[in-house]
Amino acid sequence: MRLKAKISNFFTYILLIIISIVWLTPFVCLALQSFRSYILEPGGMVNYLLPKTFSLDSYKFLFSEECRFVQWYINTVVIAVFVTIISTMVVLCTSYVLSRMRFKGRRALMNLMLVLGMFPGFLTMICLYFLLKQWGLTQAGAIPGLILLGTACSAMGYYVCKGYFDTIPKSLDEAARIDGANRAQVFFIMLLPLSKPIVIYTALVAFMAPWCDYIMASYVAFGHSDSYNVAVAMQRWVWTGDYQGYFTRFCAGGMLVAIPITILFMCLQKYYVEGVTGGAVKG
C-alpha cells in the first residue's frame, strides 16, 4: 500500500508540475517582454523569449510625463479601495442579519437575492448607463459612478459569509446580550474578531472585481481618458496605430497591475482558504 501511495503521489506531483508550468508560462513571458527595450529592440511581438537587451525603458515610460499611467493607476486604486471597504461592510452586515436574526420574509429575501445573483450584470448595462448619466456619474464622473456600481449589489454575495457566521455559536451572542451589549457591540466587538478569515476573504473578493474590471469601466468612462482605469487605458494602447511600439509598455503595465493582487494573495492565502472552507460548511 505504501508503494502504491508513493507511485500515486509521484504521478500526481508530475501532473501538478506540468499544470503549473502551463499556467505560469504566460506570466513569465509577460515579465520577460516587459524588460525588453522598445528603443534598442523595436517591434511588437517577437519570436524569442529572452530579451537581447534587458532594459527598464518600458517602466520609465510609464512614469514619464508623456504617459498618464500614474493617473490611471491612482484611479484604479481609488475605485478598488472604496469598493472594498463599502462592499465588505455591506456584505458582513447583511450576513450577520440573515444569520442571527429571524424576521418575516427572511427566507424569501434570501431566495430572491440568490436568484437575482444568477443573472449576469450585463443585462442591465444600458439601463445602468442612462441612469448614471442622469446623475452625472459617467465620463468625467465615472470614478464615483464605478464605485456606486461596485457596491450597489454587493449584499447579494452574502451566502459564503453567512455560512461562516452560522458556524459561530449563538451562545456567545446571548452571553454578550445578557451582559448588556447591543447588536452593534456584539457584531463589531465579538463576532468580527472571531471571523478574521471570512472578513479577509470578503475583502479580497471585493477588491478583485474593480481592480480587474474592464467592461463596466470602459462603458461608463467611454471617451474621457481622465477617468480611465488601468485596464481600459492599456486596452486603448492596443487599439492605437502604434501597437508595435506599445507592446513592451503594455507588458510592463500588466506587471505593475499584477504585483499588488499577487502580494495580497501570497500574504493572505491562509485566511482566504479558511474563509472559503468555513463559509461552505453551513448555508
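Axes are lines fitted to C-alpha atoms, for helices over the stretch in contact, and the angle between two axes runs from 0 to 180 degrees between N-to-C directions. In the predicted model examined here, helix H3 and helix H12 pack at an angle of about 145°, and their axes lie 8 Å apart. On the H3 side, the contact is made by Phe69, Trp72, Tyr73 and Thr76; H12 contributes Val230, Ala233, Met234 and Trp237. Sorted by class, this contact of H3 with H12 comprises 7 nonpolar residues and 1 polar residue, and no charged residues.

The secondary structure of the protein comes to 13 helices and 0 strands, so that the pattern read along the sequence is α-α-α-α-α-α-α-α-α-α-α-α-α. The C-alpha trace spans about 75 × 70 × 35 Å along its principal axes. Of the 283 residues, 40% count as buried. The protein exposes about 16,600 Å², and carbon and sulfur atoms supply 71% of this area. Among contacts between residues at least 6 apart in sequence, 72% join residues at least 24 apart.

Analysis of empty space identified a largest pocket with a volume of about 1,400 Å³. This pocket is lined by 38 residues, of which Leu149, Gly150, Cys153, Ser154 and Met156 are the closest to its centre. Two or more lining residues come from each of helix H3 (69-100), helix H4 (106-116), helix H6 (142-152), helix H7 (159-166), helix H10 (196-211) and helix H11 (215-220). The largest share, 7 residues, comes from H10. By class, the lining of the largest pocket holds 28 nonpolar, 9 polar and 1 charged residues.

The second largest pocket has a volume of about 720 Å³. Its lining consists of 28 residues, and Phe27, Gly254, Ala258, Ile261 and Thr262 lie nearest its centre. At least two lining residues are supplied by each of helix H1 (2-34), helix H12 (230-239) and helix H13 (243-279). H13 gives the most to this lining, with 13 residues. The class composition of the second largest pocket is 22 nonpolar and 6 polar residues, with no charged residues.

Helix H7, one of the elements that line the largest pocket, is mostly covered, with 7 of its 8 residues buried. The buried residues of H7 are Val160, Cys161, Lys162, Gly163, Tyr164, Phe165 and Asp166.

A further local feature concerns the backbone at Gln139. The phi angle of Gln139 is near 55°, a positive value in a residue other than glycine. Gln139 is placed in the loop between helix H5 (125-134) and helix H6 (142-152). The relative accessible area of Gln139 is 34%; because buried means under 20% and exposed means over 50%, Gln139 is classed as partly exposed. Helix H6, which follows this loop, is also among the elements that give two or more residues to the lining of the largest pocket.

Notes:
Residues numbered from 1 in each chain as written. Predicted model: local features only at pLDDT ≥ 70, side-chain atom pairs only at ≥ 80, totals over all residues. Heavy atoms only, no water. Helix = DSSP H or I, 4+ residues; strand = E, 2+ residues; numbered from the N terminus. Buried < 20%, exposed > 50% of the residue type's maximum accessible area, 1.4 Å probe, protein only. 1 Å grid on protein atoms, 1.4 Å probe; cavity = no way out; pocket = protein on both sides within 12 Å on 5 of 7 lines; lining within 4 Å. Points joined across faces, edges and corners; volume = space filled by probe spheres on them. Nonpolar A, V, L, I, M, F, W, Y, C, P; charged D, E, K, R; others polar. Contact = heavy atoms within 4.5 Å. Areas by Shrake-Rupley, 256 points an atom, 1.4 Å probe, with all protein chains shown as cover.
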